[in-house]
There are 2 protein chains.
Amino acid sequence: MRADARANRDEIVEAALELFQEQADFNVSFRTIASRAGVGVATLHRHFPDRAALITEVIDHLDRGVTAIIEDHLSRWDEDPQRAWSGSIHRLVDLGIAPLASGGSEFAVTEGKVDGFLQYMRQKDMRPMERLLGKGVQHGFAPSDLDPYRFAAGIVLLSRPLPYLTAQILPDQREWLVDVYIDGLRARARDTSSG
Amino acid sequence: MRADARANRDEIVEAALELFQEQADFNVSFRTIASRAGVGVATLHRHFPDRAALITEVIDHLDRGVTAIIEDHLSRWDEDPQRAWSGSIHRLVDLGIAPLASGGSEFAVTEGKVDGFLQYMRQKDMRPMERLLGKGVQHGFAPSDLDPYRFAAGIVLLSRPLPYLTAQILPDQREWLVDVYIDGLRARARDTSSG
DNA sequence: TGTAAGTGGAGCACTCTGCTCCGCTTATAA
DNA sequence: TTATAAGCGGAGCAGAGTGCTCCACTTACA
């Protein structure tokens, strides 16, 4: 693969991720994605023959991001557990993982490939997240009934875009809300361990 | 207005609300809305000449729902403050207010009526919510830096649909997450008052 | 029971979509 | 430097989906 082709491919994946996040929807037109990537439609189609191929690539990209964030914070856990724990949650929310999870059904319906997509999601490696949660429970940051899916659901909801509210009426309250979530988890951890 | 016309109008508003919530988007085709309401497209257009008219009606409908829930729980506050507080939050989330807030920008952009829509949102009566928060702060359920917009942002995020996750992989975790949010608010209330 | 009010769906004009084709440009190895 | 294969962009096509209107039909109700 020629170097310029590789660069274009990367541009496309990044543009697609941005747009999927902004619109919280996988159904962004190829024209729009190509234009954001600064590339012709033909180039987009050459690299990704259909929408499923593009989405798969974007999800893999995000997934690698999730794993990297978790590994990074786990490696600095002993330094300052509290900081590693809450830092990892903030950074996972910042990743903007929402469309990965909640755009899934639209994708599946649109493409008529429910089973394929589901299997794809299910095969994702949950071990890094399980390790993070294990550490969190152990240090009293998270309740013991917090499984990876509950945790993921929280991240997904918190990472949802609020374009109208944030842009027009109130400044971005996301960090504040994430801190409330973190405090809530710790409060429940105390309740479960003492009660 | 004839009785059957009135009934159709109500069906339409309800159908539109459902679809806006399910798709977290105001751009649902008139055909789809009409069909869900069990009504012809012409009937839909007769009652609501354009999309803005329909959205306005749906938002008013939701807004009345918000006020009703708050009034209801405030009136039963003294009976059991804790129950009234957390009950009101759960019920506000159940309302599914998300598209009202975060679909706003799409609507504004699509219709090219940003200012009109913004003014419309700003003129909404925030007093019921302010009274609820006042009581919450007073009883130590909410931190004093919780203003109505932060509170609303939390409700909006929690009420976001998670169609893919909930339908296919994990059972609905929303109640659990709402409880974490409530616990987080109380934990912060303690911190602010003592520190 | 007369009639004004209300109805639904076919159909029009239009926009936007995915996708291909092909003449042009450019990276790269010799 | 140059030959050439690899890669490129955008015009354009066929089709799907849209908002909206028209009008022959039905129905609530004075």
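**Buried side chains, helix packing and DNA contacts in a predicted model**

A:Ser159 counts as buried, because its relative accessibility is 8% and burial is assigned under 20%. The structure described here is a predicted model. A:Ser159 belongs to helix H10 of chain A, which spans residues 148-159. A polar atom of the A:Ser159 side chain is placed 3.0 Å from the backbone oxygen of A:Val156.

The overall make-up of chain A gives the setting for this residue. Chain A contains 12 helices and zero strands, and its elements read along the sequence as α-α-α-α-α-α-α-α-α-α-α-α. The chain has 195 residues, of which 52% count as buried. Among the contacts in chain A with a separation of 6 or more, 67% are accounted for by residues 24 or more positions apart.

Packing between helices was examined in both chains. Two packed helices are described by the angle between their axes and the distance between the axes. In chain A, the axis of H1(A) comes within 10 Å of the axis of helix H4 (residues 51-75), and the two cross at roughly 85°. H1(A) is therefore roughly perpendicular to H4(A), since angles of 65 to 115 degrees fall in that class. From H1(A), the contact is made by A:Arg9, A:Ile12, A:Val13, A:Ala16, A:Leu17, A:Phe20 and A:Gln21. H4(A) contributes A:Leu54, A:Ile55, A:Glu57, A:Val58, A:His61 and A:Leu62. By class, nine residues of the contact between H1(A) and H4(A) are nonpolar, two are polar and two are charged.

In chain B, helix H5 (residues 81-94) packs against helix H10 (residues 148-158) at an angle of about 55°, and the axes are 8 Å apart. At this angle, H5(B) and H10(B) are therefore oblique to each other. On the H5(B) side the contact involves B:Trp85, B:Ile89, B:Leu92 and B:Val93, and on the H10(B) side it involves B:Phe151, B:Ile155 and B:Leu158. The contact of H5(B) with H10(B) comprises seven nonpolar residues, with no polar and no charged ones.

A charged residue, B:Arg9, is found in helix H1 of chain B. B:Arg9 counts as buried because its relative accessibility is 18%. The side chains of B:Arg9 and B:Glu57 are joined by a polar contact of 2.9 Å. When neighbours within four places in sequence are left aside, B:Arg9 is in contact with B:Met1, B:His47, B:Phe48 and B:Glu57.

The model also includes DNA, and the surroundings of DNA strand C are considered next. DNA strand C is surrounded by 24 residues, and A:Arg51, B:Arg2, B:Asn8, B:Ala42 and B:Thr43 are the closest. Sugar or phosphate accounts for 55% of the atoms of DNA strand C within 4 Å of the protein, and the rest belong to bases. Both bases and phosphate take part in polar pairs with protein side chains. A polar side-chain atom of A:Arg31 is 3.1 Å from a base nitrogen of DNA strand C, while an N or O atom in the side chain of B:Arg31 is 3.1 Å from a base oxygen of the strand. For B:Thr43, a polar side-chain atom lies 2.5 Å from a phosphate oxygen of DNA strand C.

Several helices of both chains build the surface near DNA strand C. At least two residues each come from H1 (3-23), H2 (30-37) and H3 (41-47) of chain A and from H1 (3-23) and H3 (41-47) of chain B. H3(B) gives the most to this surface, with five residues. The surface near DNA strand C consists of nine nonpolar, seven polar and eight charged residues.

For DNA strand D, the surroundings likewise number 24 residues, and the closest are A:Arg2, A:Asn8, A:Ala42, A:Thr43 and B:Arg51. Of the atoms of DNA strand D within 4 Å of the protein, 60% are from sugar or phosphate and the rest from bases. A polar side-chain atom of A:Arg31 is located 3.1 Å from a base oxygen of DNA strand D. An N or O atom in the side chain of A:Thr43 is 2.3 Å from a phosphate oxygen of the strand, and one in the side chain of B:Arg2 is 3.4 Å from a base oxygen. Two or more residues of the surface near DNA strand D are given by each of H1 and H3 of chain A and H1, H2 (30-37) and H3 of chain B. The most residues on this surface, five, come from H3(A). By class, the surface near DNA strand D has nine nonpolar, seven polar and eight charged residues.

Note on methods
Residues are numbered from 1 along each chain as its sequence is written. Chains are lettered from A and ligands numbered from 1 in the order in which they are written. This is a predicted model: local features need pLDDT of at least 70, side-chain atom pairs count only at pLDDT 80 or more; totals for chains, interfaces and linings use all residues. Side-chain values use heavy atoms; hydrogens and water are left out. A residue is near a molecule or strand if one of its heavy atoms lies within 4 Å of it. A polar contact is a pair of N or O atoms within 3.5 Å; within protein, one must be able to donate a hydrogen and the other to accept it, and residues adjacent in sequence count only if both atoms are side-chain atoms. Helices (H or I, at least four residues) and strands (E, at least two) are DSSP runs, numbered from the N terminus. Ala, Val, Leu, Ile, Met, Phe, Trp, Tyr, Cys and Pro count as nonpolar, Asp, Glu, Lys and Arg as charged, and the others, Gly among them, as polar. Axes are lines fitted to C-alpha atoms, for helices over the stretch in contact, and angles run from 0 to 180 degrees between N-to-C directions. Angles under 35 degrees count as roughly parallel, over 145 as roughly antiparallel, 65 to 115 as roughly perpendicular and the rest as oblique. Contact means heavy atoms within 4.5 Å. Buried means under 20% relative accessible area, exposed over 50%, partly exposed in between (1.4 Å probe, protein chains only).
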